[in-house]
Amino acid sequence: MESSSLTERHRFAEAERDALYKTVFNRRDVRGQFLPTTVPDEVLARVLYAAHHAPSVGFMQPWNFLVIRSQQKKQQVHQLFSKANKEAVELFDKDKQKTYKNLKLEGILESPINLCITCDRTRTGKPVLGRTHMKTMDLYSSVCAVQNLWLAARTEGLGVGWVSIMHEDELKATLGIPEHVVPIAYLCIGYVEHFKDKPELETKGWLPRMEISDLVNFEEWEGSAQSSDDQELLSTLAEMSDFPTGFPVR
Ligand SMILES: Cc1cc2c(cc1C)N(C[C@H](O)[C@H](O)[C@H](O)COP(=O)(O)O)c1[nH]c(=O)[nH]c(=O)c1N2
């Protein structure tokens, strides 16, 4: 078989690829524009099912999905956020504190669904294939589930906001999460008035997006380009950064 047909064989059609990249580049962390509109259960089921098809170390599938709809439970979690957020602001330099205070960093009460994605570190017993040496791999597996859900939600027109400004032990106590289970992501989910074009932390001057070509190295840490292929890759990446939205697919 010719090499060109080999490379084409498994590639998705252009429109399908565009749809995936569009999803990636238009996904946003949403905190502020939630609508109270109910999320139909079949939509929620689809994004949860997408999360459940994430990769996991040793096929451990360490995740659980805690769906929170009651305003009472949301209030309790919101209190955890408020307390931790007051502590958090003090940790930044004085000049950054003003910007910090102007950021909305959660949408716990306004979003119709809160979701806690967890990692059960004992899910398939010991040892776990692939976690024998790098012990945090189960945690990363649950993060993969979060990302699957986040992307699937974007295609459904659902906003997702990740809230991590709270004490882990307090969140566990509030949600009744047992000792051996780690809360990975507390997410606020719902339909939104609009999706922003860029991260709010970028537009509000917290931090800029870095140049990807500054983050790619070769053969070893801080290794510079070795070959013309390496150079080519770097210049292609540098050109991509020229697009205002990060990519030409809109
Ligand atoms: C592990 C983790 C934890 C958090 C976040 C993300 C991730 C990956 N983010 C969202 C984060 O600020 C956001 O992803 C970046 O600013 C980039 O913006 P977009 O996600 O591209 O819109 C986030 N945002 C926020 O307002 N409050 C928070 O507590 C957190 N926590």
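**Group meeting: a walk through the predicted model**

Okay, so the chain has 9 helices and 4 strands. Keep in mind that this is a predicted model. If you read along the sequence, the pattern goes α-α-α-β-α-α-β-α-β-α-β-α-α. There are 250 residues in the chain, and 22% of them count as buried. Along the principal axes, the C-alpha atoms fill a box of roughly 60 × 50 × 40 Å. One more overall number: take the contacts between residues at least 6 apart in sequence, and 84% of those join residues at least 24 apart.

On annotation, the unreviewed UniProt entry has a domain, "Nitroreductase", covering residues 26-191. That span is 40% helix and 17% strand, and its end C-alpha atoms are 15 Å apart.

Now the sheet. In what order do the 4 strands sit? The order is E1-E2-E4-E3, in an open sheet with antiparallel pairing. Strand E1, 65-68, and strand E3, 158-163, are at the edges with a single partner strand each, so each has one side without a neighbour in the sheet. On average, neighbouring strands here are turned by 25° against each other, ignoring direction.

Let's go across pair by pair. E1 pairs with strand E2, residues 113-120, over 4 bridges in the antiparallel sense. If you want a spot to click on, Phe 65 stands opposite Ile 117 in E2. While you're there, have a look at helix H7, residues 168-175, which packs on the sheet and touches E1, E2 and strand E4, 181-191. The direction of H7 makes about 75° with that of E4.

Next pair over: E2 and E4, antiparallel again, with 8 bridges. Here Cys 116 is the residue opposite Tyr 186 in E4. E4 itself is mostly covered, with 9 of its 11 residues buried.

Then E3 and E4, also antiparallel, over 6 bridges. Two places to look at: Leu 158 stands opposite Tyr 191 in E4, and Trp 162 stands opposite Leu 187 in E4. So is E3, sitting at the edge, enclosed or open? It is largely enclosed by the rest of the structure, because 5 of its 6 residues are buried.

Trp 162 brings us to the ligand, since that residue is also part of the ligand's surroundings. Which residues surround the ligand? From the early part of the chain you get Arg 28, Asp 29 and Arg 31. Then come Leu 105 and Glu 106, followed by the run Trp 162, Val 163, Ser 164 and Ile 165, and finally Pro 199 and Leu 201. By type, that shell has 6 nonpolar, 1 polar and 4 charged residues.

Last bit: some backbone oddities in the loops. Lys 126 and Pro 127 are joined by a cis peptide bond, with omega about -10°. Pro 127 is in the loop between E2 and helix H6, 137-155.

There are also positive phi values in residues other than glycine. Phe 59 has phi near 55°, and it's in the loop between helix H3, 41-52, and E1. Is Phe 59 buried or exposed? It counts as exposed, because it has 11 C-beta neighbours inside 10 Å. Glu 222 has phi near 65°, in the loop between helix H8, 200-203, and helix H9, 228-240. Glu 222 is exposed too, with 6 other C-beta atoms within 10 Å.

That's my tour, thanks.

Conventions. Residues are numbered from 1 along each chain as its sequence is written. This is a predicted model: local features need pLDDT of at least 70, side-chain atom pairs count only at pLDDT 80 or more; totals for chains, interfaces and linings use all residues. UniProt positions are given in the numbering used here, feature names are shortened, and annotations may be inferred rather than shown by experiment. A residue is near a molecule or strand if its C-beta atom, placed from the backbone, lies within 6 Å of it. Ala, Val, Leu, Ile, Met, Phe, Trp, Tyr, Cys and Pro count as nonpolar, Asp, Glu, Lys and Arg as charged, and the others, Gly among them, as polar. Two strands pair if DSSP finds at least two bridges between them. Axes are lines fitted to C-alpha atoms, for helices over the stretch in contact, and angles run from 0 to 180 degrees between N-to-C directions. Two residues are in contact if their C-beta atoms, placed from the backbone, lie within 7 Å. A residue is buried if 20 or more other C-beta atoms lie within 10 Å of its own, exposed if 12 or fewer, and partly exposed in between; C-beta atoms are placed from the backbone.
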